[in-house]
Amino acid sequence: MAHALEPSAPAILRNSELDAEAVRAARVDLAACFRMAARLGLHEGICNHFSFVVPGRDDLFLVNPYGWAFSEITASRLLVCDFKGNVVAGDGVPEATAFYIHARMHLNKPRAKAAFHTHMPNATALAMLEGPPLAWAGQSSLKFYGRTLVDEDYNGLALDESEGDRIAASIGDADIVFMKNHGVMVVGATVAEAWDDLYYLERAAEAQCLAMSTGRKLKPVPAEMAARTYAQMREGDRESAKLHLESIKRILAREEPDFTQ
C-alpha cells in the first residue's frame, strides 16, 4: 500500500535555521502526536502521515519517514523536506503519497501549517458510507459543525502532483475533509489544533458508529442549536488544544520518554 518517493533532484544542504529552538519544539510536538495516535489506534501500519511547516521556513515541512510506524517516531527521526521531494534533513525518504498529499496541501493552502492524514477506523468507516458522514447527533461532533467538507472523488493513490493539488483544492475553507472511500485529512494552524481536532473527530465518529449500530434512528441536534454550541466550543478551542497537547506530552514523558530524542 505504501510507495517510497524518488526525489526529483539531489537533496539541498541543511540550513542552520533547522537548529532553532522553535523547530526543535515543533519536532517534539509532532512526535508526541505520532506516539499518542499509535496508542489510540489511529494509525495504519507504516502508512498515514502527519506534517507541519517548519517554523520560519514556509518552503519546508516536517513529515514522518517511509517504513517507520507511528509508535517508532521520535523528534529527530522526522524528515525535513522541500516541496520538490528533496530531503533537507533526516535519514530516509517520505512515503510517496505522504509527499504528494502534504507538500501540495502546504503549498496550496498556506493556512494549513499542520496537516494530519489518517485512515483511523471510525472516521474512515463514516467516509465509506453514502451521504454526509457526521449526523450532528452527538455533542462532540458539534466541534466540527460548519468546518467539514466531503471529497466525493476517490482517485486511487496520490502518486503525482495533480492528485495532491486536487485533494488540496477539495478542502476549500474547511478544516476537516472526509475523503470518501479513503480516510480523513485534518488541517490546522498549529500542531496542537490539528491534534485536538483529529482526536475529537475520531471520538465523535466512534460515538456515532456505536449509536448507528443499535439500529435505532439518530436524533440530530437542530441546526440553530448546533451552530450555537459550536460557537461556544470555539471560544476556548485554541487554549484547550494547547493544554491537550501538553497533557499527552506529560504522559509520554513518564511512559515513553524517548519520543523527545
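## Overall picture

Of the 261 residues in the protein, 50% are buried. Please keep in mind as you look around that this is a predicted model.

The protein holds six helices and eight strands. Read from the N terminus, its elements follow the order α-β-β-β-β-α-β-α-β-α-β-β-α-α. The radius of gyration is 18 Å, close to the 18 Å that the globule rule gives for 261 residues, so the protein is as compact as a globular protein of that length. If you prefer to think in box dimensions, the C-alpha trace spans about 55 × 40 × 30 Å along its principal axes.

## Contacts along the chain

How much of the contact network joins residues at least 24 apart in sequence? Taking contacts between residues at least 6 apart, the share in this protein is 72%.

## Surface and charge

Turning to the outside, the accessible surface of the protein comes to about 12,100 Å². Carbon and sulfur atoms account for 53% of that surface.

As for charge, there are 27 positive and 35 negative side chains in the protein. The centres of these two sets lie 5 Å apart.

## A buried arginine in a loop

Arginine 147 is a nice residue to zoom in on. You will find arginine 147 in the loop between α3 (121–127) and β6 (148–151). Is this arginine buried or exposed? Its relative accessibility is 4%, and because the cut-off for buried is under 20%, arginine 147 counts as buried.

What surrounds arginine 147? Setting aside neighbours within four places in sequence, arginine 147 is in contact with Ala174, Asp175, Ile176, Asp197, Tyr230 and Arg234. Among these partners, Ile176 belongs to β7 (176–179). Closer along the chain, there is also a polar partner to look at: a polar atom of the arginine 147 side chain lies 3.0 Å from the backbone oxygen of lysine 143.

## Two asparagines with positive phi

Two loop asparagines deserve a visit for their backbone angles. Asparagine 48 is not a glycine, yet its phi is positive, at about 75°. This residue sits in the loop between α1 (21–39) and β1 (49–53). With a relative accessibility of 2%, asparagine 48 counts as buried.

The other one is asparagine 181, found in the loop between β7 (176–179) and β8 (183–188). Asparagine 181 also has a positive phi, about 65°, although it is not a glycine.

How values were computed. Residues numbered from 1 in each chain as written. Predicted model: local features only at pLDDT ≥ 70, side-chain atom pairs only at ≥ 80, totals over all residues. Heavy atoms only, no water. Helix = DSSP H or I, 4+ residues; strand = E, 2+ residues; numbered from the N terminus. Rg over C-alpha atoms; globule rule 2.2 N^0.38 Å. Buried < 20%, exposed > 50% of the residue type's maximum accessible area, 1.4 Å probe, protein only. Contact = heavy atoms within 4.5 Å. Areas by Shrake-Rupley, 256 points an atom, 1.4 Å probe, with all protein chains shown as cover. Lys, Arg positive; Asp, Glu negative; His and termini not counted. Charge placed at Lys NZ, Arg CZ, Asp CG, Glu CD. Polar contact = N/O pair within 3.5 Å; in protein donor to acceptor, adjacent residues only side chain to side chain.
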